[in-house]
Amino acid sequence: MTAHAFWRRVCETLRLMVGQPDYDRYVAHRLEHHPGETVMSRVEFFRDRQDRRYATRSGGGLRCC
Amino acid sequence: MGGVLASQGRKPGGTPPETHAFLAMMGWAGVAILGAVSLAVVALGRGETINALWLVTASLCTYLIAYRFYSLYIARDVLGVDPARPTPAVRHNDGLDYVPTNRYVLFGHHFAAIAGAGPLVGPVLAAQMGYLPGTLWLIVGVVFAGAVQDYVVLFISTRRDGRSLGDLVRSEMGNAAGLVAMVGVLAIMVILLAVLALIVVRALVGSPWGTFTVFATIPIALLMGVYGRYIRPGRIGEMSGIGLVLLMLALIGGQSVSESESLAPLFSYTGPQLALLLIVYGFIASVLPVWLLLAPRDYLSTFLKIGTICALAIGIAIVMPPLHMPAVTKFIDGTGPVFAGSLFPFLFITIACGAVSGFHALISSGTTPKMLENEAHARAIGYGSMLAESFVGIMALIAACVLEPGVYFAMNAPAGVIGTTADQAAQVVSGWGFTITPDMLNQIATDIGEKSILSRAGGAPTLAVGMAQILSGVVGGKGLLAFWYHFAILFEALFILTTIDAGTRVARFMIQDLVGMAIPAFRHTHSWGANVAATTLAVAGWGYFLYQGVTDPLGGINTLWPLFGIANQMLAAIALVLCTVVLFKMKRQRMAWVTIVPATWLLVCTLVAGWQKLFDPSPAIGFLASYDKFAAASVAGQIAAPAKTAADMGRIMTNAVVDAVMTGLFIAVVLAVLGFGLVSALKALSRAEVTTREVGYAGAAE
């Protein structure tokens, strides 16, 4: 694993710790499996995931004891 | 994948596989011997201080052996993990909720979600019995109960499209069991939020430095929120960096505030004042948009927590502090000042989350199963991250035990027992056999920049003094002791406030679901009236217990923490009963001892503890005995200590009744779930075929 790939992995881990999945993978998934449909922009994706984590039943930020 | 790895292991011309196997076996034997020697030192060292590294080595070796052998046994023989079976992430991949995720990345996500304040507080309180009982339960409990629960629940949820614990109980054990479990979870949530809020209050009473920095987190988070929403949307790294710098500035500024004659009084509050402020804060924070306060605060607290845990581990490794606490103190007989009750069952109730936590069952059936790339990864993520959580508990225990025992008891015994001046406290604590002088107590308070360290029960301040001692040994020496102390307080307060905010929201949804069964209109989460009503109920619930704890002459923690511990361990018992039922339905009942043994232990512990909390004749332990004592004094027209007024007496009596009702509720919930579990298991036993409701290879959701 190169230093760059390692750093990317670290950032991915830190972002997923606060509920933000990888954006590039999302885009790749939409393009491959839902061609022609709308793809959220990076900012839309961020806000969507933020709401999903904190403003729903999932309880983001809730730490177990 | 597995085939590729296997063939890589047999490179032509390389070392023959037999040699590899032999070397691996020797390696594991070495780990086992090292672990056994360390455990022997920890367990048998008497009369002289031992080094904290022995605890670290003993626990790490045990974790390695348990992971390599026991969790592999669970994966292969008990669960029958099938790496070829598609996971929910693979079947429902949408790039959003269901994403096949690299196992190391997902480990980070899962660990960040399970690691909270619990494993830092429980072991600190349990240190009153010495370092040995706590260490042993943290190690044994996690291997046979905590990690097993987290792993098996994660596995079960993964095979059922990532469903939640409540859903799983309902679908495997029936609707009634699901409803009972739901009520139980809500009650646990209320107690959890109250006890966490109480820890913050206890840490901030009369501490302008701490109060200022914790208050400062609110404008800092708001600023980060606006930055991440409008200025540079989505730049979590940038906003967290800015937040962290401002936080450090607030921490440094806090010292000037505490030394200023005009500013310090603005940030000095009594317990009840802080409790009311927290209750108001909790309400406002949970109705604000999430991006404004909750999300940025979560970013800060998550990164700060991970960073601090790593710093503490490095600090212990570098400083190698000796443990001043005896291996076992006389308080195993149940007369301890920090929490009442004897070693069995109350040590196990008190340590709670670092060894086994029912709350993790909610996390293991939350977002993690939806992101598992392969069923085989569940072992590293479920079992593995719980081992890491237990290690956090060991580090907290070390931080408490590096303190002079006299300091530890002066900090953790309630004012009703040791008085309010350093002279009184030193006299009482020395009388217990832990020699300490008033000068030493005052000196430590001065070193950490506080007026007093007495009766700061709740774990956070004790942990902070211990951490400050360890970290200042790495960076800054004695001059930075005060900085590190307030850093540790800030770090705990920050993520407790995040939990209060998020937990209030979750409790609100639960209340809306429950009340919605009777009044459907209540369920509409877009209805402003229903939302505010449910939020008010949630805040009123934990606010009541918080206020009760703050005004309790006995300090509150020693009533609320056992209640929380009982509730949390009972949730774990419910989760393990569910796991057992599923194993019976899979027709793997011969292997089900893996979950039956910890479930039985937890049931025995929690039911005995619950029973004693209700009916023990000692007023220090039994709620009803406490009620009787004060009622009798009241009738006789007397004031019984530690109450000082008739109003105090009334409050203690009301609290005793409410706490007794809560304990009764927890016992009823767990017995009901056990009953449903037995019925479901027997039914599964009577059928010849497998009766699980797994989502199959075809990938169709039910």
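Visitor: Which residues in H10(B) meet B:Ala295, B:Pro296, B:Arg297 and B:Leu300 in H13(B)?
Guide: Happy to start there, and please keep in mind that this is a predicted model. The contact of H10(B) with H13(B) divides into 5 nonpolar, 3 polar and 1 charged residues. On the H10(B) side, the residues that meet those four are B:Thr217, B:Ala221, B:Met224, B:Gly225 and B:Gly228.

Visitor: How is H10(B) oriented relative to H13(B), parallel or perpendicular?
Guide: H10 covers residues 208–231 of chain B, and its axis lies 8 Å from that of H13(B). The two pack at an angle of about 110°. Angles of 65 to 115 degrees fall into one class, so H10(B) is roughly perpendicular to H13(B).

Visitor: What is the make-up of the side of chain B that touches chain A?
Guide: The contact takes 43 residues from chain B and 30 residues from chain A. On the chain B side, helix H5 (103–114), helix H13 (294–319), H15 and H22 each supply at least two residues. By type, the residues of that side divide into 25 nonpolar, 16 polar and 2 charged.

Visitor: Which helix gives the most to the side of chain B that touches chain A?
Guide: Four helices of chain B, H5, H13, H15 and H22, each supply at least two residues there. The one that gives the most does so with 8 residues, and that is H22(B).

Visitor: Which helix provides the largest share of the largest nonpolar core?
Guide: That core has 245 residues, and B:Ile191, B:Ala194, B:Ala197 and B:Ala410 touch the most other members. The largest share comes to 22 residues, supplied by residues 481–518 of chain B, helix H22.

Visitor: Which residues is B:Ala410 in contact with, leaving aside its neighbours within four places in sequence?
Guide: B:Ala410 is one of the residues that touch the most other members of the largest nonpolar core. With those sequence neighbours set aside, its contacts are B:Ile418, B:Ala425, B:Val429, B:Ile436, B:Leu441, B:Ile453 and B:Leu454.

Visitor: How many residues are in the other core that lies apart from it?
Guide: Its members include B:Phe623, B:Phe630, B:Met649 and B:Ile652. The number of residues in that separate core is 6.

Visitor: Where is the cis peptide bond?
Guide: Most peptide bonds are trans. Here one of the two partners, B:Pro345, is found in helix H14 (residues 343–351) of chain B. With omega about 5°, the cis bond joins B:Phe344 and B:Pro345.

Visitor: Why is H14(B) largely enclosed by the rest of the structure?
Guide: The buried residues are B:Pro345, B:Phe346, B:Leu347, B:Phe348, B:Ile349, B:Thr350 and B:Ile351. What covers them includes helix H6 (118–126), H7, helix H24 (557–585) and helix H25 (593–615) of chain B. H14(B) is largely enclosed because the buried share of its residues is 7 of the 9.

Visitor: What is the phi of B:Ala352, which follows H14(B)?
Guide: B:Ala352 sits in the loop between H14 and helix H15 (359–364) of chain B. B:Ala352 counts as buried, because it has 31 C-beta neighbours inside 10 Å. Its phi is positive in a residue other than glycine, at a value near 45°.

Visitor: Is B:Asp161 buried or exposed?
Guide: B:Asp161 lies in the loop between helix H7 (131–158) and helix H8 (165–173) of chain B. Although B:Asp161 is not a glycine, its phi is positive, about 65°. The cut-off for burial is 20 or more other C-beta atoms within 10 Å, and B:Asp161 has 20 such neighbours, so it counts as buried.

Visitor: Is chain A compact or spread out?
Guide: Chain A has 3 helices and 0 strands, and its C-alpha trace spans about 40 × 35 × 20 Å along its principal axes. Its radius of gyration is 14 Å, well over the 11 Å that the globule rule gives for 65 residues, so compared with a compact globule chain A is more spread out.

Visitor: How does the radius of gyration of chain B stand against the globule rule?
Guide: Chain B has 27 helices and 0 strands, and buried residues make up 55% of its 702 residues. The globule rule gives 27 Å for that length, and chain B is close to it, so it is as compact as a globular protein of that length, with a radius of gyration of 25 Å.

Definitions and conventions: Residues numbered from 1 in each chain as written. Chains lettered and ligands numbered in written order. Predicted model: local features only at pLDDT ≥ 70, side-chain atom pairs only at ≥ 80, totals over all residues. Rg over C-alpha atoms; globule rule 2.2 N^0.38 Å. Core = buried A, V, L, I, M, F, W, Y, C linked by C-beta atoms within 7 Å. Buried ≥ 20, exposed ≤ 12 C-beta atoms within 10 Å, placed from the backbone. Contact = placed C-beta atoms within 7 Å. Nonpolar A, V, L, I, M, F, W, Y, C, P; charged D, E, K, R; others polar. Axes fitted to C-alpha atoms, helices over the stretch in contact; angles between N-to-C directions. Parallel < 35°, antiparallel > 145°, perpendicular 65-115°, else oblique.
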